[in-house]
Structures are given as structure tokens and as C-alpha cells.
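Dear colleague,

Please find below the sequence and structure that I am handing over to you. My account of what was found follows directly after them.

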Amino acid sequence: MHAIEHDVERPDRDVVSAFEEIPSTIVSDVTGNIGLSMDSGLQPAYNDIEMAGSAITVNASPGDNLIIHKAITMAEPGDVLVIDSEGYTETGHFGELMCKSCQVNGICGIVIDGAYRDSKAIGEMEFPVYGRGTHPRGPLKQDPGSINVPISCGGVTVEPGDIVVGDDDGLAVVPRESAAEILERSYDKLESEDEVREELVEGEYLFELNNYDKLFEEMEVVGPEDSIQ
């Protein structure tokens, strides 16, 4: 069954833009560490990558990109295409020309649980792309697929309008309905880390600042003399 939903409830644009300055590591920390972080198999197309935008979700049949073409025409400036193609890496589902179309129309990037192609050209144009690999084979155009339905990408459920934050460390997802709260918690986390950084400069240890000594004391730590001979 195929479905296309044109109406997407997006977060406040100022909130989305603010996440451009928030590292994915911070978002991951304040949303439960790994619960909303996509798996490490989704890699950026180039280094020094930065991306934040509201998700237009796409369910694409492996090896087919007809629905991706349609999604590009539906996306608005500030959106990110998030594509579930079931991790299929034996076809490049999109390449340089589709990315150029996205770029000139203000789309912030593409995340695909699958493969893409023209990686060198995409890197040179500095259009943010994450994928599970690259492949030179071109896709079919015979299966409509779905747009703006809940999908799974990188092991995370993504809803239309969720915010996707990406950088060199990876990808983190911010649920739309809690975006403002997560942004505030991210600011608090950044401020806290600044304070800790100052203490580290003075020679303090994270082990002590975070009271890890108490955790250490609760563990049964053995020495060589306790090993089985």
C-alpha cells in the first residue's frame, strides 16, 4: 500500500535553525544517549559536514527512486529527506543531479538507509548526505512508495516533522513535539560542559568531578593475585 501525505506539521523554524549549532553528541546525550541516535552504518559523504532540518520521510522500494523524485518536489526549504530503502546498497538511489535540485530549492540534506552514487561530486558541492554506502548502478522507476509516513532509518523511528541533526559524529533525531524542550536541555548541557572544561584546564579529573569513584568502589575489582593459576 502506498501513501502520500502532503500536510506536514513542522516545528517552529527558529527552533530548527537553532539545532544547526547543536552537536549530534549533545542531542544524543539529552535524548537518552542511543535511543534516538541512528546507527554508525550511516556515514557522511564528506568531512566537516553539518546538517539540521525537519524530516520529510520517504519509504522507497529497494533499488527504486521514483518516490524520492516526488518527495523532492514536496519538500520545503529547511527540510531533510529521510529515506528508508531497507538498507539496500546494490543501487545508488540518488546522485549529484538530484542533490543539486535539492540544494537549489533549500533542502538541507538527505539521509538514506541505503546507497547513493556520485559521492565525489556530492562532496565537492558540499550538500549534506548520509548513507549506508555507494554504488554506481542507477535505480528503477516503477514503484511509487510512500511519503510522510512513519519510517525506520538507521534503527530509529522517524516521524514527518521530526528534526534530524547531523555532523561528523553521526545522526540524532529530535521528536517534533518535544523539540523546544530538547533544545533548552541542549543549551543547558553545553553550558555545563563549558564549566567542566574550565575545571579540566585547572587539572581536575572527570573521574572525580563526576563522582565515578563511588561507582568504582561498588564494583568488585580484582588484581592479578586473584586470578586462577
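A residue is called buried here when its relative accessible area is under 20%, exposed when that area is over 50%, and partly exposed in between. On this scale, buried residues make up 44% of the 229 residues in the chain. Please bear in mind that the model is a predicted one.

Overall architecture

The chain contains eight helices and 11 strands. Its C-alpha atoms fill a box of roughly 65 × 50 × 35 Å along the principal axes. About 12,200 Å² of surface is exposed, and carbon and sulfur atoms supply 47% of that area. Among contacts between residues at least 6 apart in sequence, 76% join residues at least 24 apart.

Helix H6 and what follows it

Helix H6 covers residues 179-201, 23 residues in total. From its first C-alpha to its last it reaches 33 Å, close to the 33 Å expected at 1.5 Å a residue. Ala179, Ile182, Leu183 and Ser186 are buried in this helix. The buried residues of H6 pack against two helices, H1 (13-18) and H2 (24-30), and against two strands, S10 (163-167) and S11 (170-174). Just after H6, Gly203 adopts a positive phi of about 100 degrees.

A nonpolar surface patch of about 810 Å² is formed by Leu200, Tyr205, Leu206, Phe207, Tyr212, Leu215, Phe216 and Met219. Helix H7 (206-209) and helix H8 (212-218) each supply at least two residues of the patch. The largest share, three residues, comes from H8. Met219 is located in the segment after H8. Why does Met219 count as exposed? Its relative accessible area is 53%, and the threshold for exposed is over 50%.

Salt bridges

Nine salt bridges are found in a search of the whole structure. Three of the pairs are described here, beginning with Arg10 and Asp79.

Arg10 forms a salt bridge with Asp79, with the closest N and O atoms 2.8 Å apart. This pair links distant parts of the chain, since Arg10 is in the segment before H1 and Asp79 is in strand S3 (residues 79-92), 69 residues apart. Arg10 is partly exposed, with a relative accessible area of 21%, whereas Asp79 is buried at 1%. Arg10, Glu76 and Asp79 are linked in a network of salt bridges.

Arg132 takes part in two of the pairs I wish to mention, with Asp39 and with Asp113. In the pair with Asp39, the closest N and O atoms are 3.1 Å apart. Arg132 lies in the loop between strand S5 (129-131) and strand S6 (133-134), and Asp39 lies in the loop between H2 and strand S1 (43-44), so this salt bridge ties together parts that are 93 residues apart in sequence. Both residues are partly exposed: Arg132 has a relative accessibility of 28%, and Asp39 has one of 32%.

In the pair with Asp113, the N to O distance is 2.6 Å. Asp113 belongs to strand S4 (residues 109-116), so its bridge to Arg132 ties together parts that are 19 residues apart in sequence. At 9% relative accessibility, Asp113 counts as buried.

Cysteines

How many disulfides does a search of the whole structure find? The number is zero. A disulfide would require two cysteine sulfur atoms within 2.5 Å. The sulfur of Cys102 has its closest cysteine sulfur in Cys99, 6.0 Å away, which is too far for a bond. Cys108 is likewise in no disulfide, as the nearest cysteine sulfur, that of Cys102, is 10 Å away. Cys102 counts as buried because its relative accessibility is 0%.

The segment before H1

Asp7 is found in the segment before H1. With a relative accessibility of 65%, Asp7 counts as exposed. Asp7 and Met51 are 44 residues apart in sequence, and their C-alpha atoms are 23 Å apart in space.

With kind regards

How values were computed:
Residues are numbered from 1 along each chain as its sequence is written. This is a predicted model: local features need pLDDT of at least 70, side-chain atom pairs count only at pLDDT 80 or more; totals for chains, interfaces and linings use all residues. Side-chain values use heavy atoms; hydrogens and water are left out. Helices (H or I, at least four residues) and strands (E, at least two) are DSSP runs, numbered from the N terminus. The expected span of a helix is 1.5 Å times one less than its number of residues. Buried means under 20% relative accessible area, exposed over 50%, partly exposed in between (1.4 Å probe, protein chains only). Contact means heavy atoms within 4.5 Å. Patches are made of residues with over 30% relative accessible area and no salt bridge: like charges are joined within 9 Å, nonpolar side chains (Val, Leu, Ile, Met, Phe, Trp, Tyr) within 5 Å. Accessible areas come from the Shrake-Rupley method with a 1.4 Å probe; for residues, only the protein chains shown count as cover. A salt bridge is a side-chain nitrogen of Lys or Arg within 4 Å of a carboxyl oxygen of Asp or Glu.
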